[in-house]
Amino acid sequence: MLFKKVGVIGAGTMGQGIAEMLSKKGLEVYLVEKTEEKLEQSWNSIEISLDKQLEKWAITEAEKKLTLSKIEKITNVHKLSECEMIIETITEDLDEKKEVFEMLDEICSPDVILASNTSTLSLTELASKTKHPQRVIGLHFLHPVAEIDLVEIIRGLRTSEETFLKTLNFVQETIQKKGIMVYESPGFVTSRLICLLINEALHTLEEGVASAEDIDTAMRLGYDFRYGPLEMCDRFGLDAVLAALERLFREFGDLKYRPSYLLKKMVRAGNLGVKTGEGFFRYDVDGDRI
């Protein structure tokens with residue numbers, strides 16, 4: 001299957017990263033948000049990302065213009081019917097995602113693949129809101145999208161073999177990333193494991209075993225992590241990590257997934273990490289450590 005147009009619903013951090021990456025691969029992208037204001041904010045963030053790459057000589061001015069020219073900002077969801085695949089990247093709210101999939105099922109032909117970038121929610125449950133559950137699949141990208149060459153491809157209970165093979169081809173041939181197949185399970189592989197690591201780092205900090213800086217330094221230098229677990233938590237968003245842990249705890253019922261009290265306290269205080277400028281560490285408007 002030849003992919004030319006891909007829709008991205010939700011222009012938050014992940015939506016921006018996915019849209020930028022797809023356009024760099026030569027695909028036309030429809031970036032969707034509820035309001036023009038949110039779309040403009042997202043567009044500005046994508047421009048900032050490209051300007052940073054420009055400063056480092058990673059891309060040219062012509063490449064920046066070409067990347068932006070392939071992204072079309074839209075609020076009219078009916079244009080998505082022109083796409084071969086649609087990737088949903090809205091907030092991790094099951095009811096909101098169900099509404100999106102129900103709407104997409106109505107406006108898109110049955111051969112359009114409907115993918116979700118969810119990290120913990122059930123693809124089977126999302127697919128149950130559609131008349132064609134066989135074309136619903138998970139595409140879990142990791143942040144930063146452009147720099148991480150892994151995508152989890154998640155099969156729901158009724159995802160067809162045809163949908164899986166087309167999606168695998170899209171991941172490995174069209175966007176040239178490594179796709180791993182995951183059967184539906186809360187947190188899949190990456191979120192399940194990284195949330196446990198972050199939670200244990202939080203308990204370690206809570207117990208006064210070491211400072212936040214030293215915990216992260218130990219994991220960066222000792223185990224070659226790009227970021228330590230606490231900075232990862234800041235970059236994911238403390239509220240997102242808390243929501244993921246609570247969902248894992250509910251689904252598995254295992255105490256190892258019970259969120260650290262320190263994490264709850266930080267979220268209640270509004271210290272959510274990069275998005276608010278302060279979490280376990282402090283950040284500037286571009287998301288760089290201060």
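What follows is a conversation between a trainee and a mentor about a predicted model.

Trainee: How far does helix 4 reach from its first C-alpha to its last?

Mentor: Helix 4 covers residues 94–107, which is 14 residues. At 1.5 Å a residue a span of 20 Å is expected, and the span computed from the predicted model is close to that, at 20 Å.

Trainee: At the start of helix 4, which residue's backbone nitrogen does a side-chain oxygen of Asp-93 reach?

Mentor: The polar contact here pairs a side-chain oxygen of Asp-93 with a backbone nitrogen, and the two atoms come to within 3.1 Å. The residue that supplies the backbone nitrogen is Asp-95.

Trainee: Which elements do the buried residues of helix 4 pack against?

Mentor: The buried residues of helix 4 include Val-100, Phe-101, Leu-104 and Ile-107, and also Lys-97, Lys-98 and Asp-105. Their packing partners are strand 1 (5–9), strand 4 (85–88), strand 5 (113–116), helix 5 (123–127) and strand 6 (136–141).

Trainee: Is Arg-135 buried or exposed?

Mentor: Arg-135 sits in the loop between helix 5 and strand 6, and among the residues it touches are Leu-104 and Asp-105, together with Cys-108, Pro-110 and Thr-163. Because its relative accessible area is 2%, and the cut-off for the term is under 20%, Arg-135 counts as buried.

Trainee: Which backbone oxygens lie at 2.8 Å and 2.7 Å from a polar atom of the Arg-135 side chain?

Mentor: At 2.8 Å from a polar atom of the Arg-135 side chain lies the backbone oxygen of Ser-109. The backbone oxygen at 2.7 Å from a polar atom of that side chain is the one of Val-112. The residues asked for are therefore Ser-109 and Val-112.

Trainee: Which backbone oxygen does the side chain of Thr-159 reach?

Mentor: Thr-159 belongs to the loop between strand 7 (150–155) and helix 6 (161–174), and it is buried, with a relative accessible area of 9%. A polar atom of its side chain lies 2.8 Å from the backbone nitrogen of Gly-156. The backbone oxygen that the side chain of Thr-159 reaches, at 2.7 Å, is that of Val-136.

Trainee: Which helix gives the most to the largest nonpolar core?

Mentor: The largest nonpolar core has 33 residues, and those that touch the most other members include Leu-22, Leu-31 and Phe-170. The element that gives the most to this core, with 5 residues, is helix 1 (residues 13–24).

Notes
Residues numbered from 1 in each chain as written. Predicted model: local features only at pLDDT ≥ 70, side-chain atom pairs only at ≥ 80, totals over all residues. Heavy atoms only, no water. Helix = DSSP H or I, 4+ residues; strand = E, 2+ residues; numbered from the N terminus. Expected span 1.5 Å × (residues − 1). Buried < 20%, exposed > 50% of the residue type's maximum accessible area, 1.4 Å probe, protein only. Contact = heavy atoms within 4.5 Å. Polar contact = N/O pair within 3.5 Å; in protein donor to acceptor, adjacent residues only side chain to side chain. Core = buried A, V, L, I, M, F, W, Y, C linked by side-chain atoms within 4.5 Å. Lists of a residue's contacts leave out its neighbours within four places in sequence.
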